[in-house]
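Open the model in your viewer and have a selection tool ready. Each stop below says what to select and what is there.

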Amino acid sequence: MNKTPKPHDLLWGFAPDQLPADAPAWARLAMASGHPVVVRRAHCIPGQVAVGIRGTTRDQRYGTCMPLAAIQRRITPEQLTTPPATGTWPALCALAEIKPLLDATGQPWGPTGGVGFQLATGIAVLHAASDLDLLLRAPNPFSRQQARELLAALAAASCRVDLQLETPAGAVALREWAGPSARVLLKCAEGARLVLDPWQALERAA
């Protein structure tokens, strides 16, 4: 691939025989069925990317590393912003409702989680209680006032919306950045850390 995969990208091409020997049977079945894996935040040896495999139930999640050379196809969240015309689940309705709002930010964004997986694969994983998980690329500082305004606008959607702001240092939940705490949790490949500024996250919590 000519671009390094980013967290939440969906990748195809991981063969069952490339899984570790201790991988669960359901993970092997998912790979044998041609399902994609999702890029996660973790370090791997050079030439590999950290990925997660999802099964048919919520507790079936398996993390491993995938050879970059095995990637045959890649879909990013930004490629999945068009809701299906026949979507009836609240999460898909919410995607249609918030699309104009997020398009207006001028920043790349897209659905992740179950909505992104279903839109990319056609595999039915959503249900009536599914949340809408999103990411918004925020290479430049996003003020806490902007976060509060965006959070308030998203509250009118048909289901709960969990949006992650993707900064150059990692990801922070919009809901947390809009909140009152001075330090917020930043997720990055090294793990999670509490920081004052997700765009200049050089400090670790004591």
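The tour of this predicted model goes from its cores to one helix, a pair of strands, the cysteines and one aspartate.

**Stop 1: the cores**

Select I98, L132, L134, L163 and L165. These are the residues with the most contacts inside the largest nonpolar core, which has 30 residues. Two or more residues of this core come from each of α2 (90-103), β7 (132-137), α4 (144-154), β8 (161-167), α5 (174-177) and β10 (184-188). The largest share belongs to α2, with six residues. In soluble globular proteins, nonpolar side chains tend to be buried together.

Now keep L165 and show its surroundings. Beyond its neighbours within four places in sequence, L165 is in contact with L136, F142, G170, A171, V172, L174, W177 and W199. Then move to A30, V37, V39 and I71, which are among the 16 residues of a second, separate core.

**Stop 2: helix α4**

Select α4 and colour R144, A147, L150 and L154. Those residues are buried. They lie on the same side of α4, because the arc they cover around the axis is only 120 degrees. An α-helix has 3.6 residues a turn, so residues three or four places apart point the same way. To see what lies over the buried residues of α4, add α2, β7, β8, α5 and β10, which are among the elements covering them.

**Stop 3: strands β10 and β11**

Select β10 and show its side chains. Which of them are buried, and which are not? V184, L186 and C188 point to one face and are buried, whereas L185 and K187 point to the other and are not. In a regular strand the side chains alternate between the two faces of the sheet.

Add β11, residues 191-195; it runs antiparallel to β10, and five bridges join the two strands. One place to look is L186, whose bridge partner in β11 is R193. The connection from β10 to β11 is a hairpin through two residues.

**Stop 4: the cysteines**

How many disulfides does a search of the whole structure find? There is one, and it joins C44 to C65, with an S to S distance of 1.9 Å. Select both residues and look along the S-S bond: the angle about it is -80 degrees, and the link is left-handed. C44 sits in the loop between β2 (37-39) and β3 (48-54), while C65 is in strand β4 (residues 61-67), so the disulfide ties together parts that are 21 residues apart in sequence. C44 counts as partly exposed, at 25% relative accessibility. C65 is also partly exposed, at 22%.

Next select C93, which is in no disulfide; the nearest cysteine sulfur is that of C159, 8.7 Å away. C93 counts as partly exposed, at 28% relative accessibility.

Return to C188, already seen in β10. Its relative accessible area is 8%, so C188 is buried. Its closest cysteine sulfur is in C44 and lies 15 Å from the sulfur of C188, which is too far for a bond.

**Stop 5: D9**

Finish at D9, in the segment before β1 (10-12). Is D9 buried or exposed? D9 is buried, with a relative accessible area of 0%. Draw a distance from the side chain of D9 to the backbone nitrogen of K6: this contact is at 2.8 Å. Leaving out residues up to four places away in sequence, D9 touches V37, V38, V39, R74, I75, T76, P77 and R137. Of these, V37 and V39 were also named in the second core.

Technical notes
Residues are numbered from 1 along each chain as its sequence is written. This is a predicted model: local features need pLDDT of at least 70, side-chain atom pairs count only at pLDDT 80 or more; totals for chains, interfaces and linings use all residues. Side-chain values use heavy atoms; hydrogens and water are left out. A nonpolar core is a set of buried Ala, Val, Leu, Ile, Met, Phe, Trp, Tyr and Cys residues joined through side-chain atoms within 4.5 Å. Buried means under 20% relative accessible area, exposed over 50%, partly exposed in between (1.4 Å probe, protein chains only). Helices (H or I, at least four residues) and strands (E, at least two) are DSSP runs, numbered from the N terminus. Contact means heavy atoms within 4.5 Å. The arc is that of the directions from the helix axis to the C-beta atoms. Two strands pair if DSSP finds at least two bridges between them. A disulfide is a pair of cysteine sulfur atoms within 2.5 Å. A polar contact is a pair of N or O atoms within 3.5 Å; within protein, one must be able to donate a hydrogen and the other to accept it, and residues adjacent in sequence count only if both atoms are side-chain atoms.
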